[in-house]
Amino acid sequence: MLVIVASQFGLPVSTTHVSVGSLFGIGLTNGKAHHRMIISIVLSWLLTLPCAALCAAVVYSMIDAFS
């Protein structure tokens, strides 16, 4: 439902994030969530963008130095 609503408004959402987030919610409500796994996945989501930006900056610097 979230993906459909976001598509109607032109909002970018990741279907993977939405589906994993819904599984988190189900696990939290029925008490079967693995909290360590949830923390691990959330941290990976938060670290992906800064790591990608750092890698891009390094590659840009290398290309800029040789051109």
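The protein has three helices and zero strands; helices (H or I, at least four residues) and strands (E, at least two) are DSSP runs, numbered from the N terminus. This is a predicted model, in which local features need pLDDT of at least 70 and side-chain atom pairs count only at pLDDT 80 or more, while totals for chains, interfaces and linings use all residues. Residues are numbered from 1 along each chain as its sequence is written, and side-chain values use heavy atoms, with hydrogens and water left out.

**Exercise 1. Describe the overall form of the protein.**

Step 1. Along the sequence, the pattern reads α-α-α.

Step 2. The radius of gyration is 18 Å, well over the 11 Å that the globule rule gives for 67 residues, so the protein is more spread out than a compact globule. This radius is taken over C-alpha atoms, and the rule is 2.2 Å times the number of residues to the power 0.38.

Step 3. Taken along the principal axes, the box filled by the C-alpha atoms is roughly 55 × 35 × 10 Å.

**Exercise 2. Place Ile4, Ser22 and Phe24, and state whether each is buried or exposed.**

Step 1. Use these cut-offs: buried means under 20% relative accessible area, exposed over 50%, and partly exposed in between (1.4 Å probe, protein chains only).

Step 2. Ile4 belongs to helix H1 (residues 2–8). Its relative accessible area is 54%, so Ile4 is exposed.

Step 3. Helix H2 (residues 15–30) holds Phe24, and Ser22 also lies in H2. Phe24 is buried because its relative accessible area is 15%; Ser22, at 38%, counts as partly exposed.

Step 4. For the whole protein, buried residues make up 9% of the 67 residues.

**Exercise 3. Follow helix H3 and find where it bends.**

Step 1. H3 covers residues 35–66 and includes Leu43.

Step 2. From first C-alpha to last, the 32 residues of H3 reach 47 Å, close to the 46 Å expected at 1.5 Å a residue. The expected span is 1.5 Å times one less than the number of residues.

Step 3. At Leu47 the helix bends by about 30°, and Pro50 follows within four residues. The bend is the angle between axes fitted to the seven residues ending there and the seven starting there.

Step 4. Leu47 and Phe24 are 23 residues apart along the chain, with 19 Å between their C-alpha atoms.

**Exercise 4. Which residues form a nonpolar patch on the surface?**

Step 1. Patch residues have over 30% relative accessible area and no salt bridge; like charges are joined within 9 Å, nonpolar side chains (Val, Leu, Ile, Met, Phe, Trp, Tyr) within 5 Å. A salt bridge is a side-chain nitrogen of Lys or Arg within 4 Å of a carboxyl oxygen of Asp or Glu.

Step 2. The patch consists of Ile39, Val42, Leu43, Trp45, Leu46 and Leu47, together about 550 Å² of accessible area. Such areas come from the Shrake-Rupley method with a 1.4 Å probe; for residues, only the protein chains shown count as cover.

Step 3. Leu43 has 46% relative accessibility, so it counts as partly exposed.
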